[in-house]
Amino acid sequence: MQTYRHEGDTIDIVSPAGGTNRGLPVLIGALFGVAMNDSNPGDTVAIVREGVFADQPKAAGTAWALGDPLYWDATALNFTKTANGTIRVGLAGDAAQAGDVTGTVIIDRRVG
């Protein structure tokens, strides 16, 4: 098929304002992934749109159970279980306590 490019698990994007930090989430519109490297605004950066990622920023105050639906809060820049005003991006990859500020996230490009 002439129009097919690739699966889309990893794609190159133009880095948004503020750039990216390796291993941390990136949201542009409804396109979500984790940056593969640091970048400056306007640079080309690869983002991974699917996989299991440890040490991701987590909203404190709510515990996670394995498999809980997770959402990206673009204002607070963390994963949360709160659906209101956020975008669904995956599932909790492990249990996390309410006081934890990081957690394991399973990002699934098909849930957004």
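Below is a chat about a predicted model, its sheets, a salt bridge and its largest pocket.

Trainee: Where do I start? Which strands form the sheet that has β1 in it?
Mentor: Four strands form that open sheet. The order is β1-β4-β3-β2, and the pairing is antiparallel.

Trainee: And which strands are at the edges?
Mentor: β1, residues 10–14, and β2, residues 25–28. Each of them pairs on one side only.

Trainee: By how much are neighbouring strands turned in this sheet?
Mentor: By 50° against each other on average, with direction ignored.

Trainee: Stay with β2. How many bridges does β2 make with β3?
Mentor: Four, in the antiparallel sense. Strand β3 covers residues 31–35. Take V26 as an example: its bridge partner in β3 is G33.

Trainee: OK, now the sheet with β5. What's the strand order?
Mentor: β5-β9-β8-β6-β7. That is five strands in an open sheet, and the pairing is antiparallel. The edge strands are β5 (51–57) and β7 (78–80), each pairing on one side only.

Trainee: What's the twist there?
Mentor: The twist averages 45° from one strand to the next.

Trainee: How many bridges join β5 and β9?
Mentor: Five, and the two strands pair in the antiparallel sense. Look at Q56: its bridge partner in β9 is G103.

Trainee: So G103 is in β9. Which face of β9 is G103 on, covered or uncovered?
Mentor: The covered one, along with V105 and I107. T102, T104 and I106 make up the uncovered face.

Trainee: Why does every second residue go to the other face?
Mentor: Because side chains in a regular strand alternate between the two faces of the sheet.

Trainee: Next neighbour. How many bridges join β8 to β9?
Mentor: Three, and the strands run antiparallel. L91 stands opposite I106 in β9.

Trainee: What about β6 and β8?
Mentor: Strand β6, residues 69–73, and strand β8, residues 87–92, pair over four bridges. The sense is antiparallel. L91 turns up again here, as the bridge partner of P69.

Trainee: I also clicked on R88. Where does R88 lie?
Mentor: In strand β8. R88 is partly exposed, with a relative accessible area of 31%. Try G18 too: R88 and G18 are 70 residues apart in sequence and 22 Å apart in space, C-alpha to C-alpha.

Trainee: Change of topic. How many salt bridges does a search of the whole structure find?
Mentor: One. The side chains of K81 and D68 meet in it, at 3.2 Å from N to O.

Trainee: Which parts does the pair tie together?
Mentor: K81 lies in the loop between β7 and β8, and D68 in the loop between β5 and β6, so the pair ties together parts that are 13 residues apart in sequence.

Trainee: Is D68 buried or exposed?
Mentor: D68 counts as buried, because its relative accessibility is 17% and the limit for buried is under 20%. K81 is at 35%, so K81 counts as partly exposed.

Trainee: Last topic, pockets. What volume of space lies in the largest pocket?
Mentor: About 290 Å³.

Trainee: Which residues lie nearest its centre?
Mentor: G19, P25, V26, W72 and L77, out of 14 that line the largest pocket. You met V26 earlier, paired with G33 in β3.

Trainee: Which strand gives the most to that lining?
Mentor: β2, with three residues.

Trainee: And how do the lining residues divide into nonpolar, polar and charged?
Mentor: There are 10 nonpolar and four polar residues, and no charged ones.

Notes:
Residues are numbered from 1 along each chain as its sequence is written. This is a predicted model: local features need pLDDT of at least 70, side-chain atom pairs count only at pLDDT 80 or more; totals for chains, interfaces and linings use all residues. Side-chain values use heavy atoms; hydrogens and water are left out. Two strands pair if DSSP finds at least two bridges between them. Axes are lines fitted to C-alpha atoms, for helices over the stretch in contact, and angles run from 0 to 180 degrees between N-to-C directions. Buried means under 20% relative accessible area, exposed over 50%, partly exposed in between (1.4 Å probe, protein chains only). A salt bridge is a side-chain nitrogen of Lys or Arg within 4 Å of a carboxyl oxygen of Asp or Glu. On a 1 Å grid over the protein atoms alone, a cavity is a set of points where a 1.4 Å probe fits but cannot get out, and a pocket is an open set with protein on both sides within 12 Å along at least five of seven lines; lining residues have an atom within 4 Å of a point. Grid points are joined across faces, edges and corners, and a volume is the space filled by probe spheres set on the points. Ala, Val, Leu, Ile, Met, Phe, Trp, Tyr, Cys and Pro count as nonpolar, Asp, Glu, Lys and Arg as charged, and the others, Gly among them, as polar.
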